[in-house]
Protein chains: 2
Amino acid sequence: MNDSHHKVKQNEVSGVQCTRHLSSAAPQPSVQNVKDPKTGIVLINMGGPGTIDEVHDYLLKIMTDRDMIQLPVQSQLGPYIARRRTPEVQKKYSEIGGGSPILKWTKRQGELLCEKLDVLSPETAPHKYYVAFRYANPLTDVTLEEMEKDGLERAVLFSQYPQYCCSTTGSSFNAIYKYYKDRKVPPGIKWSIIDRWSTHPLLAKTIAERIRTELKEFPESIKKDVIIMFTAHSIPLKVVNRGDAYPSEVGATVQLVMKELGYCNPYSLVWQSKVGPLPWLGPFTDESLKGYVKQGKKNFILVPVAFVNEHIETLHELDIEYCHDLGKELGIENIRRAAAPNDHPIFIDGLTDIVLNHLKSGPRISPKFLTRCPHCTNTRCEMSKSWFAQLCSQQ
Amino acid sequence: MNDSHHKVKQNEVSGVQCTRHLSSAAPQPSVQNVKDPKTGIVLINMGGPGTIDEVHDYLLKIMTDRDMIQLPVQSQLGPYIARRRTPEVQKKYSEIGGGSPILKWTKRQGELLCEKLDVLSPETAPHKYYVAFRYANPLTDVTLEEMEKDGLERAVLFSQYPQYCCSTTGSSFNAIYKYYKDRKVPPGIKWSIIDRWSTHPLLAKTIAERIRTELKEFPESIKKDVIIMFTAHSIPLKVVNRGDAYPSEVGATVQLVMKELGYCNPYSLVWQSKVGPLPWLGPFTDESLKGYVKQGKKNFILVPVAFVNEHIETLHELDIEYCHDLGKELGIENIRRAAAPNDHPIFIDGLTDIVLNHLKSGPRISPKFLTRCPHCTNTRCEMSKSWFAQLCSQQ
């Protein structure tokens, strides 16, 4: 198994050193060919438009998902915003190679994971992975239909967000509930859920390795001054104040990565991708870079810590907007970006370890998953959680 | 070594089961009698008024500390607020036994820690602990003076806040800098700093043990439904948005405790003790209890996760205001509070392990400590950090 993360561009612009991990670096996975699968591993994620033409539908699905975003008169305002934002978002996707590489990376991860599981857990083999995206193909509904035809004995719903957030993992699980709400759940399948894994040691180890790789590229004399900036998608403060676990789980991953690195460098956790006028959790990635530059800092590594694949926020926001454009504007000497976990062998071992432990010793659903945020008012969560409690206690 | 945490009151009021861990439970430590100490371990914490008469001075020191709180015309408004709040805070201290037990617990911890260090690290013995409080006796300045007389070879500044916050640990370190700014640092001492330890496995293990102790008290049939509510002192959102590491380090401790417990119960991280009109990090402990009660939850354990001793916020806010008064008001069936680490044997082993590793393999100061928050505008931090960099590179 090889780590097929490639750096395809090295730019030196006005003294700004920056690396880019373009979408084309994602390897083409082989076609899955599993006869009579016994165990299905459903890889749950948000997904991204595979082509420019899919951008509008993708935005529309986000803008009308009330678990992700709440707008006034959402059924009208959502489609309006989606339409209006399409050209600008299409431009961004065209700048990273014409589409999101999330599907390619997810397939690659699924393939490597199932290969390992077949060897390490013959009693649950053959394993087959399924991709269930929330906003892009393959969509959750289509995947669930496909699964039904395969006659599985066991299905593991495996969130690919290491840290749980109601807007992401929560939304995907609510979508699964919604699909089955008015349908018969296929009989004979034993279902279970892996909903979060922010403290898994091999996740921390993978991210630490990604950072070490970038640190090596800095001149020896300044290596120790490089600021490691962990960056995660921000969320609105009203989500934080509702009691969403996301910020605290992201914090946990950060601390464990630094522990793995022996606290070798200064570091900070910052938040990116805020949209809209409401207050979001800060400090923000771009503003923090500005703040550090004001303090005389000149060397940085940006580290995506809450998404396991390259995607628009790493390839465009971090690589192009921050490392390249903002780096140039601020006169930063060296700024690099650590690759997402992608198919790093340690990461694949981590995914495998998580599923193996889950299959062997459960529990099939966690008490935390079944408990709503202290200030949750989302009735979808209430209904979905009771439904999953029942689903995961059958058989 | 015994765990001398005692529950001194068991109340059953209108169906609310609650435990209280009164200050009198802190054991009287023996008088330190170290001849020619070689290594000083400076236990840094905020402190609390030992008697009712000390309350005003304590509040005054807090209200005029610009690292802790920033007020307009602070030199006048600070003393005014301190005076005005004194009677109400005195009443609270009188309700928990007439004073804060922080000093007693800290001395007990220091004593047990140094006993262990003397055995396990004879090459750095004899070890002597010093208590350096920020707002109550023994004050940092007085302790530093005492240390100078002892002719130490080595001094370890050991923050007793597991999670770093600029308002707490940061303020104490700035106070040490301020003390030495216009004074000669005593020659011959090799200084070093332990500034944070939120992910130490024995801290997680101690808190997990404290939770297990409380879980045992719930009837078997409802044990699995008990919500574990980790609670930490909140901070203003402007501190969060400046990039303070505190929320993410608290989050890390929470996740590691739940991992230690095998995610046995539902849990949540909430924030307490907000003061003033500005927005603070939520959700708040009392409001979250109300939220969960609305969802039909009836069994809780409150777990202090960011302070290692019983103090006013555990003994009064959690025990009296939330577990007792609010519990009764909300008709909660069972609410218990996990004890602070205090002198739990696993916790003392943890403190020992932290100091031992620090003495053996350093580093004497961490790159994280030396780096300011991305949006720091506090010139005291800037000066203090450069001074500590120098202090910890001497010898």
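## Exercises on the interface and nonpolar cores of a predicted model

The count of salt bridges between chain A and chain B is 0. The exercises below concern a predicted model.

**Exercise 1.** Determine how many residues of each chain are in contact, and what area chain A and chain B bury between them.

*Solution.* Step 1: on chain A, 43 residues are in contact with 43 residues of chain B. Step 2: the two chains bury about 3200 Å² between them. Step 3: carbon and sulfur atoms account for 57% of that area.

**Exercise 2.** Describe the polar contacts between the chains, then state which elements of chain A supply two or more residues to the side touching chain B.

*Solution.* Step 1: with both residues at pLDDT 80 or more, 15 residue pairs are in polar contact between chain A and chain B. Step 2: the elements of chain A that qualify are α7 (237-242), α8 (246-260), β8 (267-272) and α9 (285-294). Step 3: α8(A) gives the most, with 7 residues. Step 4: sorted by class, this side of chain A has 19 nonpolar, 16 polar and 8 charged residues.

**Exercise 3.** Identify the residues that touch the most other members of the largest nonpolar core, and list what B:Phe158 touches.

*Solution.* Step 1: the largest nonpolar core has 148 residues, of which A:Phe158, A:Ile211, A:Phe230, B:Phe158, B:Ile211 and B:Phe230 touch the most other members. Step 2: leaving aside residues up to four places away in sequence, B:Phe158 touches B:Ile41, B:Val42, B:Leu43, B:Ile44, B:Leu113, B:Ile194, B:Trp197, B:Leu351, B:Ile354 and B:Val355. Step 3: another core, of 29 residues, lies apart from the largest one and includes A:Ile44, A:Tyr130, A:Ala132 and A:Cys381.

How values were computed: Residues are numbered from 1 along each chain as its sequence is written. Chains are lettered from A and ligands numbered from 1 in the order in which they are written. This is a predicted model: local features need pLDDT of at least 70, side-chain atom pairs count only at pLDDT 80 or more; totals for chains, interfaces and linings use all residues. Side-chain values use heavy atoms; hydrogens and water are left out. Contact means heavy atoms within 4.5 Å. Buried area is the accessible area (1.4 Å probe) that two parts lose on being put together, summed over both. A salt bridge is a side-chain nitrogen of Lys or Arg within 4 Å of a carboxyl oxygen of Asp or Glu. A polar contact is a pair of N or O atoms within 3.5 Å; within protein, one must be able to donate a hydrogen and the other to accept it, and residues adjacent in sequence count only if both atoms are side-chain atoms. Helices (H or I, at least four residues) and strands (E, at least two) are DSSP runs, numbered from the N terminus. Ala, Val, Leu, Ile, Met, Phe, Trp, Tyr, Cys and Pro count as nonpolar, Asp, Glu, Lys and Arg as charged, and the others, Gly among them, as polar. A nonpolar core is a set of buried Ala, Val, Leu, Ile, Met, Phe, Trp, Tyr and Cys residues joined through side-chain atoms within 4.5 Å. Buried means under 20% relative accessible area, exposed over 50%, partly exposed in between (1.4 Å probe, protein chains only).
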